[in-house]
Structure formats: structure tokens, C-alpha cells
Amino acid sequence: MTVRVARWSATHPWRAIGLWLLLVVVAVGMSVAIPKQQTQDKDTWVGQSGQAAELIQQAGLADKPSETVLLTDPDGPLDKAAATTAIGQLRQKFSALEAVQSVGQPVWSENGKAALLPIELKGTADDAADAIEKVVAATGEVQQANPGLSIAQAGEASLDAGIWKQVGSDLAKAEKLSLPITFGLMLLAFGALIAAGIPVLLAFSAVGAALGFYAPLSYLFPDGGSVANVVLLIGMAVGVDYSLFYLKREREERRKGWDTLHSVEIAAATSGHSVVVSGVAVIVSMAGLYVAQDATFASMATATIVVVAVAVLGSLTVLPALLAKLGHRVDRPRVPLLWRLNRRIGPGGISRRILAPVLRHPRAALSLSAVVVVALAVPALGMKTESGDLNSLPQSIPEVRTFKALQENFPSQGGLSYDVVARGDGAAAGLARLQESAVQSGKFVVPPADAVRQSGETAVLTVVSVLPESSGNAEVALDQLRDDLAPAALGSTTWAVGGESADSVDYGNNQRDKLPWVIAFVLALTLVMMAVTFRSVAIALVTTLLNLASVAACFGVLSLVFQHTWAEGLLGFTSVGYVVSWIPLFLFVILVGLSMDYHVFVLGRIREGVAEGLTPREAVRKGITESAGVVTSAAAVMVSVFAVFATLGMLEMKQMGVGLAVAVLIDATLVRIVMLPSILVLLGRKAWWPNRLHREAPVQPERELVAT
């Protein structure tokens with residue numbers, strides 16, 4: 001199939017190029033014409049907090065969207081007269097806005113250092129998100145008119161807006177850095193401008209097309225906030241790699257004397273087949289995220305599957321067309337120094353020197369490499385995962401700083417907040433008892449405006465923990481409510497504890513519970529796929545073990561870097577002492593898929609040697625050295641793109657970037673150049689059991705192509 005598609009594209013290049021451009025233009029048009037849908041609160045409801053949210057919604061007791069304006073004096077105690085003047089200006093500004101339902105009375109802190117002004121917004125949380133920009137702008141105008149005071153706004157809508165602004169800034173930075181870095185690496189790999197530019201342009205067009213195709217799919221799988229980052233991250237990596245595999249093989253065949261058309265067809269029969277298998281492997285791995293039954297993961301999986309499918313399609317269609325049209329001109333214009341360096345080193349020049357002692361002493365090489373991987377993986381046993389909170393968000397976001405100042409000056413406002421909802425006879429009386437016992441325990445306070453609220457048989461009480469805001473404290477306070485205070489006060493009444501802090505705890509616990517199922521799903525499917533592709537149970541088992549080794553080393557490095565403070569200055573972050581809960585699950589799925597990217601390519605070259613009748617040792621040497629240049633370039637692209645994300649402001653993106661970059665680096669060097677060859681040499685012919693490649697006729701696509 002890959003040969004037939006490549007042959008048609010190569011013999012009808014303008015049609016293939018035109019169809020690809022049409023595909024990209026239509027996709028981009030879809031992204032403009034179809035608004036992308038975002039996840040809503042109900043999409044993330046899980047566990048008991050989800051039950052509480054549903055009960056509150058059914059009773060119509062959900063809080064109206066609100067914002068809080070905090071007034072402080074940066075030089076000391078708050079000047080009450082100046083603050084009163086500013087509050088009057090704020091009230092006047094907000095009253096003129098259609099989005100504001102009402103402006104409450106100011107509340108003065110007991111320490112005399114701050115005042116707050118509550119604002120209630122109209123409509124739902126989604127309506128508040130649409131209108132929050134004008135509200136924030138009004139606060140900014142009053143701040144400019146009162147330079148002696150610090151006037152800042154915080155709330156769910158404004159915090160979300162601040163986070164999205166940071167995400168947009170990070171994405172723009174990643175785009176600016178990843179494109180020139182990737183092009184530079186391609187220039188090093190090819191030594192020619194056109195050859196270096198083709199993979200980058202195809203990858204970038206695949207990213208743009210995938211974002212467009214995702215727009216209508218977002219109505220089924222709404223964006224949880226990370227789709228654009230993930231599409232850029234994965235799309236650039238696989239898009240460049242797939243084009244790289246194909247282009248390198250085509251150039252190799254041309255150097256053997258074949259004309260452009262035959263070279264393209266040979267590349268399609270070999271590298272093109274590996275691209276398809278690799279793409280399917282990534283798609284299968286990403287499908288594991290659906291097992292988590294999480295809206296955010298479902299959106300990431302859908303977008304990644306789309307960008308991988310588009311990248312595979314481009315590599316099989318428009319790339320052969322471009323190569324056929326350009327011919328030998330693909331190696332123009334040459335960069336003299338880089339071109340001569342590539343020719344002098346030759347294919348696999350460096351890896352041949354590394355591989356030689358590995359093949360001479362496979363047992364020692366395997367033992368030493370296994371010790372290194374285990375040493376890197378050991379810290380993963382102490383990995384702590386918690387949901388992200390204010391501490392894990394960049395402190396450069398103004399709303400984050402405002403929330404922390406609000407909690408410091410008004411312990412009953414913000415902080416770790418919980419909604420206890422009860423339904424049935426005596427619900428309100430039971431919550432009144434709970435309020436009394438919670439306050440008497442000294443571990444909770446009750447905001448004055450949030451006494452027991454009731455509608456029919458359903459009642460709600462909001463309590464706030466006195467503990468500092470952190471994921472660990474959130475779980476401690478939640479356990480006190482669910483295990484001790486609520487059962488004692490509410491008895492047999494139907495009840496549930498929810499709220500923002502409970503949502504975060506339940507969400508993190510849900511991810512930990514789903515992780516084993518995701519691992520089992522991904523490993524089982526990739527095991528079957530490798531067994532079918534290479535017709536070898538041994539190869540499938542070796543692949544699974546090596547993938548697990550890479551993932552374990554990645555988790556260990558992640559724990560070492562982000563649970564301690566030694567790397568803070570190096571990577572520009574403040575350690576929160578844990579890894580954000582969704583990162584390990586996401587990294588596992590991505591790493592298994594991406595490691596298969598070049599693993600399939602390497603095994604394909606080794607299998608060609610075995611099929612030609614070479615001994616297992618010679619087949620490994622030939623396959624590794626011939627694929628080393630491609631694998632090194634592919635890994636360099638991945639590591640560089642992922643490393644860019646390690647420089648971003650959002651801690652989640654930083655952890656994801658570091659984890660992926662380290663894992664790919666370990667996987668492409670220690671695992672694929674030392675462990676894989678050692679294992680294959682030690683297994684010998686048994687590695688390809690039950691397939692008997694060495695007894696089959698050698699694979700000679702050239703003869704078939706000449707006949708064609």
C-alpha cells in the first residue's frame with residue numbers, strides 16, 4: 001500500500017502537492033469558522049465531590065459566579081480613608097457594567113492591613129468567563145487612579161483568564177524556539193537547506209491542519225486547556241521524524257545509484273512501512289488515555305491521534321511528491337562545512353564505535369546499562385503525586401498572588417473551601433450541628449455569608465480549613481470532614497462533601513486509580529501489535545520490557561528534579577515537593593508511543609539483515625549503524641522540542657518537557673544502542689521466534705521495482 005501511494009504521488013506530484021495544500025487550507029478554515037469548545041465544570045466531576053456538585057445543581061443552590069477585589073497598602077497598614085475612596089470608585093465602575101449583578105459591602109480585615117469588595121456576576125460561570133475582561137479592566141482603571149494603594153482582583157473567572165494568558169504566552173514562546181532549533185538540527189543532519197526545510201515545513205503544516213480538524217471534534221471531546229501545547233509538542237516531534245525516516249532512506253538509495261522514482265519507492269516499501277507502524281503505535285498508545293475516562297485526557301488523546309494521522313498521511317503522500325519533483329535538487333543549496341562533515345562521518349560513524357564493544361561483550365554491556373537504568377529508576381519509588389494548586393501555578397500570574405494575599409488577610413475567604421451538601425428530612429439541622437462542631441474543632445471556619453443555604457429538602461454548608469493552601473492539606477481537611485465530622489453530625493441523612501478543594505483531591509485520586517488500567521491497556525495492545533508486525537513473540541516481549549525501563553527511568557528523574565530544590569535555579573521554578581497528578585499517566589502513554597517511533601525503524605533495518613541471511617550479530621551491527629544517523633537526528637529533534645517546554649512558566653508543562661526530554665535521551669542512547677543490541681545478540685535466532693526470517697528469501701525490493 002505504501003509503495004502504491006508513493007508511486008502515484010511521485011508520478012503525479014502537482015496533484016499530490018495541490019491536494020495536501022487544499023487539505024491544510026480547509027483545516028485552517030475550519031479552525032477559524034468553528035469555535036473550539038472548552039471543558040465545563042461538570043465534565044470533570046468525579047467521586048463524592050461530583051455527587052455533591054450534582055446535588056447542589058439539582059437543588060439550584062450553586063453559588064453565583066463572583067469576584068473579589070483586594071485593597072492593601074504596600075507600605076504598611078491600610079489607610080481606611082484612601083481605601084474608602086477607592087471602594088467608591090470601584091462601586092461606580094462596576095455598577096456601570098452589564099455583567100455585574102451586584103456589588104457587596106466592603107469587609108475590613110482584623111489585622112487592619114486589607115479590605116475586600118465582593119462582586120457578584122450575572123449568569124453562569126461560562127457567562128462570567130466571557131465578560132471577565134471588562135471587569136478586570138475596570139479594576140485596573142481604579143488602580144491607576146490610586147497609585148498609593150495595591151488594588152487587585154481575584155476569582156475563578158479572572159484566575160482562569162490569567163492561566164489562559166500564561167498558556168498563550170508559553171505557546172508563543174515554544175513556537176518561536178522550536179522551529180529554528182528544529183531547522184538547525186535538520187541542517188546538521190542533511191547539510192542542505194531544502195532537505196532540512198522539508199521535514200520542518202511538513203511538521204508545521206501537520207500541526208496547523210490537526211488544530212483545524214480538532215475544532216469540530218471539540219464538540220465531542222472539549223479542550224481541557226492543553227490541546228494546543230500537546231499538538232505542537234507531539235506534532236513537531238513525530239512530523240519531523242516521519243519525514244526524516246523517509247527522506248534519509250530515499251537519499252541512501254540514490255547514493256546506491258537508483259533514480260529518484262525507484263529511490264522513492266524503495267523508501268516507501270521500507271521506511272514508509274515503518275512510518276505507518278510507528279504512527280499506529282502512537283495512536284494505540286494515545287488511545288489508552290480514553291481508559292482514564294477523563295475529559296481533559298480525552299481531548300489530549302483525540303488531538304494527538306489527529307496530528308499523528310495527519311503527519312503519517314503527509315509522509316506517505318506529499319513527501320514522495322516533493323522528492324520526485326525536486327530530484328537531486330533536494331540536496332541544494334549545500335552548506336559546505338556541514339555537507340563535508342556529514343560525508344566524512346558517514347552513516348553510523350559514531351554509533352559504530354560505541355556499538356563495537358557492546359557486540360563483543362553483550363553480557364557486560366547489558367549488565368552495566370541495566371544498573372544505570374535501575375539507579376535512575378529507584379527514586380520513582382518515592383514519587384509523590386498531587387493535584388495542582390495555587391502553589392504549582394506561576395507566581396507571575398497576578399491573580400495567584402492576589403489569592404494568596406486574600407487568604408493571608410482573610411482566612412475565611414478563599415483558602416481550602418468545602419461544600420457539605422445534605423438531602424432529606426433534618427438536612428438543615430444536621431448541617432447546623434456540623435457547623436458548630438467544625439468551628440469548635442478549631443480546624444475550620446465558616447464565612448459569615450455562607451451559613452446553611454436550603455432549597456426544599458437539600459441544604460448546603462460551606463466551611464473553610466484554617467490550614468495553609470496545599471494539596472496535602474486539602475486531603476487532610478477533606479478526610480476530617482468525610483471520616484469524622486460529617487458522619488457524626490449528619491448520621492443517616494444522604495450527604496456528600498464537595499467544593500473546589502475536594503474536586504482537586506478526588507481528581508488526583510481518580511488519576512492514580514486509573515493509572516494501572518491505562519498501563520495494562522497500552523502494554524497489551526502494543527505487545528500484540530509488535531508481535532503481529534514482526535511475527536515474533538520474543539521481539540514483542542523485549543519491546544515491552546525496554547519501554548518499561550525507559551518509563552521507569554523517566555519517573556525517577558522526574559522525582560529527583562521536581563521533588564527537591566537543587567534544580568530550581570537551573571530550570572527556573574519553585575519546587576512544590578510533588579509531581580502534578582496527571583503527568584505520570586500522560587507521560588507513560590506518550591513515551592510508549594514515541595519510543596516505538598524509532599524502535600520500529602531500528603528493528604526493521606535489523607530484520608532486513610536477518611532476512612538477507614546475515615548472522616544475528618552482523619544483522620544487529622548492520623541495522624544499528626545504518627539507522628543510527630536517522631535515530632540520532634530523530635531523538636535530537638524530540639529532545640530539543642521537549643526541552644523547549646522545560647523552559648515554560650507553567651509547572652505542568654515544565655514537568656512534561658523535562659520528563660519527555662530525559663526519557664527520549666535515555667531511550668535513544670542507553671536503551672536502543674546498548675540494551676537492545678545486547679539482548680538481540682544474546683538471544684540470537686531465538687529473538688525472531690516463531691518467525692524464521694533467516695530461512696526466507698532475502699527481501700529485495702529493488703528487483704520487484706525494476707520489474708515494475
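Here is a walk through the structure, from model confidence to cores, strands, a long helix and a few single residues.

Keep in mind that this is a predicted model. Its protein chain has a mean pLDDT of 86, with 94% of the residues reaching 70 or more. Confidence varies from element to element: helix 14 (residues 362-377) has the highest mean at 94, while helix 24 (residues 701-707) has the lowest at 43. Over residues 694-708 pLDDT stays under 50, and the model has 20 contacts beyond four places in sequence for that stretch. Where pLDDT is low, the predicted coordinates should not be read in detail. So much for the caveats.

Next, the interior. The largest nonpolar core counts 166 residues, and F586 and F642 have the most contacts inside it. Helix 21 (residues 582-611) supplies the largest share of this core, 19 residues. To get a feel for the packing, pick F586: leaving out residues up to four places away in sequence, F586 touches V230, M286, L289, F297, M300 and M656. A separate core lies apart from the big one and holds 24 residues, including A422, L434, F444 and L478. In soluble globular proteins, nonpolar side chains tend to be buried together.

Now look at strand 7 (residues 417-423), where five of the seven residues are buried. Which strands does strand 7 pair with? One is strand 10 (residues 458-465), which runs antiparallel to strand 7 over seven bridges; there, S417 sits opposite V464. The other is strand 11 (residues 494-498), also antiparallel, joined to strand 7 by five bridges. On that side, V421 has A496 as its bridge partner.

Helix 18 (residues 500-534) is a nice one for a quick sanity check. At 1.5 Å a residue, its 35 residues should span 51 Å, and the end C-alpha atoms are 49 Å apart, so the two values agree. The helix does bend, by about 35° at K514, and a proline, P516, follows within four residues. Just after helix 18 comes R535, with a positive phi of about 50° although R535 is not a glycine. R535 belongs to the loop between helix 18 and helix 19 (537-562). Its relative accessible area is 43%, so R535 counts as partly exposed.

Another positive phi turns up at Q293, again a residue other than glycine, with a value near 55°. Q293 is in the loop between helix 9 (260-287) and helix 10. Is Q293 buried or exposed? With a relative accessible area of 63%, it is exposed, because the cut-off for exposed is over 50%.

Step into helix 10 (residues 295-316) and you find S299. S299 has a relative accessibility of 1% and therefore counts as buried. Not counting residues up to four places away in sequence, S299 touches Y214, F221, P222, D223, G224 and V227.

Last stop: G104, in the loop between strand 2 (100-103) and strand 3 (107-108). At 22% relative accessibility G104 is classed as partly exposed, since buried means under 20%. Leaving aside neighbours within four places in sequence, G104 is in contact with R91, L117 and P118. G104 and E120 are 16 residues apart along the chain, and their C-alpha atoms are separated by 7.7 Å.

Methods
Residues numbered from 1 in each chain as written. Predicted model: local features only at pLDDT ≥ 70, side-chain atom pairs only at ≥ 80, totals over all residues. Heavy atoms only, no water. Helix = DSSP H or I, 4+ residues; strand = E, 2+ residues; numbered from the N terminus. Expected span 1.5 Å × (residues − 1). Bend = angle between axes of the 7 residues up to and from the residue. pLDDT = per-residue confidence, 0-100. Contact = heavy atoms within 4.5 Å. Core = buried A, V, L, I, M, F, W, Y, C linked by side-chain atoms within 4.5 Å. Buried < 20%, exposed > 50% of the residue type's maximum accessible area, 1.4 Å probe, protein only. Pairing = 2+ DSSP bridges.
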